[in-house]
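Student: Please take me through one part of this model closely. I would like to follow the helix packing, and then see how it leads to the sheet and the ligand.

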Amino acid sequence: MTVRDWLTQAADRLSASGVASPRLEAQVLMAHCLHVDRDRLLLLDEQDAPHDADVLLKRRLAGEPLAYILGWKEFYRRRFEVNPSVLIPRPETETLVEAVIELAPPEALCVDVGTGSGCIGVTCALERSDTRWILTDVSREALHVAQRNACHHAVACWFLQADLLSGFQPKSVDVIACNPPYVAEADPRLDPSVRKFEPAVALFAGETGLEHLSRLAVQAAEVLKSGGWLLMEVGEGQTAHVLSLCEKARACIVRKDLAGIERVVIAAY
Ligand SMILES: C[S@@+](CC[C@H](N)C(=O)[O-])C[C@H]1O[C@@H](n2cnc3c(N)ncnc32)[C@H](O)[C@@H]1O
């Protein structure tokens, strides 16, 4: 079968299985197999489709996220390696990154808590080269991915396996950025493919989804220096509760993501 015919059939099958952008995804999978940019595919229309493409298509039809199949996801205009030990970076997390880039004081010592792929800490370290970053995660496998991403983007960070902020000295840090797990275990709104393929440790935070955010807010009040900042990504509808957790903060503000959902709680200490 030619590449052109494969693309047509693959798009039809992806569409039938409910994929939102079937033509685009078929092209991305084929480009990945042929090691070319998507816009070069037209030149290869008449070539035989490689067998690998069917294997990848089968995985996608079974619901596996495209990013895990490709092994990368774009975040803040850069590519980040991903695998099933890390959450796939989400566009809404760029709202948190933008706030950190804006607010971190010069020379700040910053911590990305629950770094996963490292997308927050690595991006902020690149965009604000005057700040220093410690990237932490409870998962050793995730830290390995974050280390490779930092190395790939040629940024120097420190890495620490830790439960949230345990091990940090009181009043030692200027900025804490965190996109913690914040989904309630039984939340029926969670996309089944996210539940099936992404790591549970990156998603779930007890019965209410607030377990990590609650512990983090208490620890951060101890660990931050006077004048420090705590920036947390939160789930839809969690803002009011999270604001009530920041009782020791001097001031708090909330930022919305591009979809208009209250997404980031920023607390000044
Ligand atoms: C929602 S993911 C965020 C990953 C990445 N920062 C991002 O924004 O794409 C949460 C991350 O927190 C980590 N994590 C879960 N429980 C933790 C804990 N108690 N202490 C530190 N990290 C934790 C998970 O392994 C996961 O990498």
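**Helix contacts, sheet and ligand shell**

Tutor: Start with the contact between α1 and α2. From α1 come V3, W6, L7, A10, A11, L14 and S15, and they meet P22, R23, E25, A26, Q27, L29 and M30 of α2. By class, this contact has 10 nonpolar, two polar and two charged residues. Keep in mind that the model is predicted. Helix α1 covers residues 3-16, and its axis lies 8 Å from that of α2, at an angle of about 130 degrees. The two helices are therefore oblique to each other. Their crossing is right-handed.

Now go to the next helix. α2 spans residues 22-34 and α3 spans residues 52-61; their axes come within 9 Å and cross at roughly 140 degrees. So α2 and α3 are oblique to each other. This crossing, too, is right-handed. On the α2 side the contact uses E25, L29, M30 and C33. On the α3 side it uses D52, A53, L56, L57 and R60. The classes here are six nonpolar, no polar and three charged. Look back at α2 for a moment. E25, L29 and M30 meet α1, and E25, L29 and M30 also meet α3.

Move on to α5 and α6. Helix α5 is residues 93-103; it packs with α6 at an angle of about 35 degrees, and the axes are 10 Å apart. α5 passes α6 in a right-handed crossing. T93, L96, V97, V100 and I101 of α5 make the contact with C119, I120, T123, C124 and E127 of α6. That contact has seven nonpolar, two polar and one charged residues.

α6 takes us to the sheet. Seven strands form this open sheet, in the order β5-β4-β3-β6-β7-β9-β8, with mixed pairing. The edges are β5 (158-161) and β8 (251-256); each has a single partner strand, so one side of each is left without a neighbour in the sheet. From one strand to the next, the twist averages 20 degrees.

Take the β5 edge. β4 and β5 run parallel and are joined by four bridges. In this pair, D137 stands opposite Q161 of β5. Helix α6 packs on the sheet here, touching β3 (109-113), β4 and β6 (173-178). Its direction makes about 175 degrees with that of β4. Helix α7, residues 140-152, also packs on the sheet, and touches β4 and β5. The direction of α7 makes about 170 degrees with that of β5.

Now the β8 edge. β8 pairs with β9 (residues 262-268) in the antiparallel sense, over six bridges. C252 stands opposite A267 of β9. The two strands form a hairpin with five residues between them. In the turn, G260 has a positive phi of about 85 degrees.

Finish at the ligand. Its shell has 23 residues, and G114, G116, V138, N179 and A202 come nearest. At least two shell residues come from each of α6 (119-127), β4 (132-137) and α9 (200-203). The shell divides into 13 nonpolar, eight polar and two charged residues. That brings the path together. α6 contacts α5, packs on the sheet and supplies residues to the ligand shell. β4 pairs with β5 and supplies shell residues as well.

Technical notes: Residues are numbered from 1 along each chain as its sequence is written. This is a predicted model: local features need pLDDT of at least 70, side-chain atom pairs count only at pLDDT 80 or more; totals for chains, interfaces and linings use all residues. A residue is near a molecule or strand if its C-beta atom, placed from the backbone, lies within 6 Å of it. Ala, Val, Leu, Ile, Met, Phe, Trp, Tyr, Cys and Pro count as nonpolar, Asp, Glu, Lys and Arg as charged, and the others, Gly among them, as polar. Axes are lines fitted to C-alpha atoms, for helices over the stretch in contact, and angles run from 0 to 180 degrees between N-to-C directions. Angles under 35 degrees count as roughly parallel, over 145 as roughly antiparallel, 65 to 115 as roughly perpendicular and the rest as oblique. A crossing is left-handed if the near helix is turned anticlockwise from the far one by less than a right angle, and right-handed if clockwise. Two residues are in contact if their C-beta atoms, placed from the backbone, lie within 7 Å. Two strands pair if DSSP finds at least two bridges between them.
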